[in-house]
Amino acid sequence: MAAKIRVGLVGVTGYTGMELARILASHPSMELVRATSRSEAGQPLEALYPFLRGTGLGGLIVSEPDPADLAKACELCFLAVPHKAAMETADALIRAGLKVVDLSADFRLRDKAVYEAWYKTGHTREALLSEAVYGLVELYAEEVRRARLVANPGCYPTASILGLAPALSAGLVETGDIVIDAKSGASGAGRKAAVATLFCETHDSFRAYGLPTHRHTPEIEQEVSRLAGSDITVSFNTHILPIDRGILATIYTRLKPGADADTVRAAYEDFCGDKPWVRLFPAGTLPETRWVRGTMYCDLGLVVDPRTGRLIIISAIDNLCRGASGQAVANANLMLGLPVNTGLDLAPMMP
Ligand SMILES: NC(=O)c1ccc[n+]([C@@H]2O[C@H](COP(=O)([O-])OP(=O)(O)OC[C@H]3O[C@@H](n4cnc5c(N)ncnc54)[C@H](OP(=O)(O)O)[C@@H]3O)[C@@H](O)[C@H]2O)c1
């Protein structure tokens, strides 16, 4: 049996780090040999995550995030840390010859000035921005295969871009009137303690936040503009749901003259046909977060409203798996020459 590829994970104590550990515990071709945290260094992973007991990962001792140590031990490293914390580590690891999948936003925006305006911080590794590949595997698989650095897409952008891609690529909707009304479970905000995501603040209530300045806006605009071939400004509005994981985006577009329910469905069938992780729901049925929980699926439902001339797209993903860690493993698979779905044929976590 071929030796497994040695990989590292910076930020194992976060929600996306936890999800990466879950997926890597049963990956047939990758072995997690380093998992880092500044606050939990020295602990065995199974002490943090009892669900790893009895897997090969339970006894792995969490280490400090030391780029020199990671470079010696690993061929590829996942960075599951906040933006700004990722950029210098990514640079150090790439200089040491590693491949890097960065789950933060540090390399997603091609334009440094746009990053600095939306993230309100300086970008210190501009040279890497031009070589980073945006890791949405349905759109950029070839580029990802050749990449040293992949910018893993954000969770909301994954749901929004995949939902809009067929309509925009086929030129079926107006580009000037797109509204993305998106809702996320509370794990989307990360695991750090914050009043806004305490149980009593989120349970049994529903609220909007971050309007109209959510940081995922320029990322969505960058990618949908590329698909449409012209600059698009979207109205992107975010809400927090009283659930732990899952995103549902309801995307309102206006059909161009001549486009109707049949042309729309044909375009979506054509787009989804060779993309097993994008599931188009039959007419009259709509996606839900629970059908994608813990999976790589992006479920799409379509509603054409002849009274308003609107195409409404419903897009559902799991923010932690498809929107972060599963997508990161898909990118790593491609970068390491493995089939994209290696270790990712994950059934939904039910109920
Ligand atoms: N949550 C989601 O649904 C989601 C989806 C897509 C993308 N993302 C992105 O993925 C990244 C991780 O998100 P998350 O939700 O997992 O965050 P999180 O729950 O807040 O966890 C952050 C992790 O990073 C470590 N860390 C923080 N600052 C660090 C530093 N300066 N150097 C080294 N390690 C550091 C933390 O551990 P220690 O403090 O112990 O070191 C922790 O393990 C973020 O950039 C986020 O935007 C998140």
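**A walk from the sheet to the ligand**

Ile 180 stands opposite Ile 251 in β10. This is a predicted model, so local features need pLDDT of at least 70 and side-chain atom pairs count only at pLDDT 80 or more, while totals for chains, interfaces and linings use all residues. Residues are numbered from 1 along each chain as its sequence is written.

Let's stay with that pair of isoleucines for a moment. Ile 180 falls within strand β7, residues 179-184, and six bridges join β7 to β10, with the two running antiparallel. (Strands here are DSSP runs of E, at least two residues long, and helices are runs of H or I, at least four, numbered from the N terminus; two strands pair if DSSP finds at least two bridges between them.) On to β13: β10 covers residues 247-254, β13 covers 310-317, and these two strands are also antiparallel, held in register by eight bridges. If you want a couple of rungs to click on, take Ile 247, whose bridge partner in β13 is Ile 317, and then Tyr 252, which has Ile 312 as its partner in β13.

Where does all this sit in the sheet? Read across, the order is β8-β9-β7-β10-β13-β12-β11, seven strands in an open sheet with mixed pairing. The edges belong to β8 (207-209) and β11 (278-280); each has a single partner strand, so one side of each is left without a neighbour in the sheet.

The edge strand β8 has some interesting loops attached. Most residues other than glycine have a negative phi, and most peptide bonds are trans. Asp 204, in the loop between α9 (199-202) and β8, goes against the first habit: its phi is positive, about 60°, although it is not a glycine. It counts as exposed, because just 7 C-beta neighbours lie inside 10 Å. (The cut-offs, with C-beta atoms placed from the backbone: buried means 20 or more other C-beta atoms within 10 Å of a residue's own, exposed means 12 or fewer, and partly exposed is in between.) On the way out of β8, the loop leading to α10 (217-228) holds Pro 212, and the peptide bond joining Leu 211 to Pro 212 is cis, with omega about -10°.

Lys 84 is another non-glycine with a positive phi, near 80°. Look for it in the loop between β3 (76-79) and α4 (85-95). Lys 84 is partly exposed, with 16 other C-beta atoms within 10 Å.

Now for the helices. Which residue marks the bend in α12? The bend is at Gln 327 and amounts to about 40°, where a bend is the angle between axes fitted to the seven residues ending at that position and the seven starting there. The end-to-end span of α12 tells a similar story: residues 321-335 make 15 residues, yet the end C-alpha atoms are only 18 Å apart, short of the 21 Å a straight helix would reach. The expected span is 1.5 Å times one less than the number of residues. Burial is thorough, with 15 of the 15 residues of α12 buried, so the helix is largely enclosed by the rest of the structure. Just after α12, Gly 337 takes a positive phi of about 80°.

Helix α8, residues 155-169, also has 15 residues, but here the first and last C-alpha atoms are 21 Å apart, close to the 21 Å expected. There is still a bend of about 25° at Gly 163, and Pro 166 follows within four residues. As 14 of its 15 residues are buried, α8 is largely enclosed by the rest of the structure too. After α8 comes Gly 171, with a positive phi near 65°.

One long-range contact deserves a stop. Ala 141, in helix α7 (residues 137-145), has its C-alpha 8.6 Å from that of Val 340, although the two are 199 residues apart along the chain. Ala 141 is partly exposed, with 15 other C-beta atoms within 10 Å.

Finally, the ligand. There are 31 residues around it, and Gly 11, Gly 14, Ser 104, Gly 190 and Arg 191 come nearest; a residue is near if its C-beta atom, placed from the backbone, lies within 6 Å. Helix α1 (15-24) and the bent α12 each supply at least two residues of the shell, and the largest share, three residues, comes from α1.
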